[in-house]
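Q: Could you take me through the reasoning behind the labels attached to this structure, setting each value against its cut-off?

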Amino acid sequence: MTVDALTDVAGVRVGHASRTGDGWLTGTTVVLAPEGGAVAAVDVRGGGPGTKETDALDPRNVVEKVEAIVLTGGSAYGLDAASGVMAWLEEQGRGVRVGVDPAHVVPVVPAACVFDLGRGGDFRARPDAALGRIAVEAAAASPAGAPVREGCVGAGTGAAVGTLKGGVGTASTVLDSGITVAALVVANAAGSAMDPDTGVLYGELFQGRPVRHPEAHVHESARRRLAEAGARNPPPPLNTTLAVVATDADLSKAQAQKLAGTAHDGIARAVRPVHLLNDGDTVFTLATGARPLDAGHPLALNEVLAAGADVVTRALVRAVRAAESVVGPGGEWPSYAELYGRP
């Protein structure tokens, strides 16, 4: 049984930690690999990224597998959340062995952040090591294959997509080969996820089913509401869309990096414009290696690459649809569901 989430890749777990109220509107999401780690890679296409340990994922470098990936709010300050994840992994003896003592490990924890500073009202309210630890403990405590909470949780707590409220979304697919490909997205873009002329989410145009166009009066009302909210908010200086694409395919680091690159196409379908100088768009990949690619088919990777982009698009649409409106001292971000209703 699948739950249409990143956790459909066997052994992968997701944990969120959020803080709201009293100036807070931020959080951290941890993707925990199966014990023993997973092959990982990254592709950064935004012009203003905030990341940690991404160089370790270069196929030319020594690290083969990672135990966890951290997505966090708080801009560069929030990368401190990865320290709490590292500490927890060290306690479990999980990481790169660096000595004869099994306890001597160095967990490599790649991380990326979104800009949400001040959206709760307090610029200094941002994730730290303690919040990262809460998120990884939540991931570790979750059952195998558990559903993943979407919307304004974890790293998506303070997310915004243009003037709309953003959040976390996830999706998965099982290919004819039996390989699972899944994505988790934090939608927090400087661009828009919505066609301004119709109110249709761009990503829904690529999902292979009829698109329901909002009625004209509903769309006009939504446009007025968004304009009013946007006028009250400070200009969005920096934003970022983050994604983790996981698969149970047996990929090399180079193949995983190719998957991270093509998965960016999924963001480009759902957000316009994308990969700007004030975005930090970053896609990580995890490959658990449980299912080999067809050795007799030199292009067997292609179906995984195509699926990665597809699930990222669908996860981003779900992030926007699952988000809830926020009105507070840091600003006002109406949700798509408030403006147009749920499908």
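A: A residue counts as buried when its relative accessible area is under 20%, as exposed when that area is over 50%, and as partly exposed in between. The model is a predicted one, and the labels discussed here are computed from it.

Q: Why is E204 called buried or exposed, and where is E204 found?
A: The relative accessible area of E204 is 13%, and because this falls under 20%, E204 is buried. E204 is found in the loop between β13 (180-187) and α4 (216-232). Leaving out residues up to four places away in sequence, E204 touches V211, V317 and R321.

Q: What makes D128 partly exposed?
A: D128 has a relative accessible area of 35%, which is neither under 20% nor over 50%, and therefore D128 is partly exposed. Its place is in the loop between β9 (111-113) and α3 (129-141). If residues up to four places away in sequence are not counted, D128 touches D80 and A81. S83 is 45 residues from D128 along the chain, and the C-alpha atoms of D128 and S83 are separated by 8.1 Å.

Q: How do you know whether L251 is buried or exposed, and which residues are in contact with L251?
A: The relative accessibility of L251 is 3%, which is under 20%, so L251 counts as buried. L251 lies in the loop between β14 (242-249) and α5 (253-270). Apart from neighbours within four places in sequence, L251 is in contact with V39, A256, L259, A287, L293 and L301. As for E91, it is 160 residues from L251 in sequence and 28 Å from L251 in space, taken C-alpha to C-alpha.

Q: What is said of phi in D22 and in S75, and is each of these residues buried or exposed?
A: D22 has a phi near 55°, which is a positive value in a residue other than glycine, and S75 likewise has a positive phi, near 50°, without being glycine. D22 lies in the loop between β1 (13-21) and β2 (24-32), and because its relative accessible area of 80% is over 50%, D22 is exposed. S75 has its place in helix α1, and its relative accessible area of 16% is under 20%, so S75 is buried.

Q: Why are the buried residues of α2 placed on the same side of the helix?
A: In helix α2 (residues 81-91), the residues A81, A82, G84, V85, W88 and L89 are buried. They cover an arc of only 155° around the axis, and therefore they lie on the same side of α2. An α-helix has 3.6 residues a turn, so residues three or four places apart point the same way. The cover over the buried residues of α2 includes β2, β4 (51-52), β6 (68-72), α1 (75-78), β9 and α3. After α2 comes G93, with a positive phi near 70°.

Q: What makes α2 oblique to α3?
A: The axes of α2 and α3 cross at roughly 50° and come within 6 Å. An angle under 35 degrees would count as roughly parallel and one of 65 to 115 as roughly perpendicular, so the angle here, belonging to neither class, makes α2 oblique to α3. The crossing in which α2 passes α3 is right-handed. On the α2 side the contact involves A81, S83, G84, V85, A87, W88 and E91, which meet A129, G132, R133, V136, E137 and A140 in α3. Sorted by class, this contact of α2 with α3 has seven nonpolar, three polar and three charged residues.

Q: Why is α5 called oblique to α6?
A: Helix α5 and helix α6 (residues 301-322) pack at an angle of about 40°, their axes being 7 Å apart. That angle is not under the 35 degrees of a roughly parallel pair and does not reach the 65 degrees at which roughly perpendicular begins, so α5 is oblique to α6. α5 passes α6 in a right-handed crossing. Among the residues making the contact are L259 and I267 of α5 and L305 and L316 of α6. The residues of the contact of α5 with α6 comprise 10 nonpolar, five polar and four charged.

Q: Which peptide bond is cis, and where does its proline lie?
A: The peptide bond from R272 to P273 is cis, its omega being near -15°. P273 lies in the loop between α5 and β15 (282-291).

Methods: Residues numbered from 1 in each chain as written. Predicted model: local features only at pLDDT ≥ 70, side-chain atom pairs only at ≥ 80, totals over all residues. Heavy atoms only, no water. Axes fitted to C-alpha atoms, helices over the stretch in contact; angles between N-to-C directions. Helix = DSSP H or I, 4+ residues; strand = E, 2+ residues; numbered from the N terminus. Parallel < 35°, antiparallel > 145°, perpendicular 65-115°, else oblique. Left-handed = near helix turned anticlockwise from the far one by under 90°. Contact = heavy atoms within 4.5 Å. Nonpolar A, V, L, I, M, F, W, Y, C, P; charged D, E, K, R; others polar. Buried < 20%, exposed > 50% of the residue type's maximum accessible area, 1.4 Å probe, protein only. Arc of directions from axis to C-beta.
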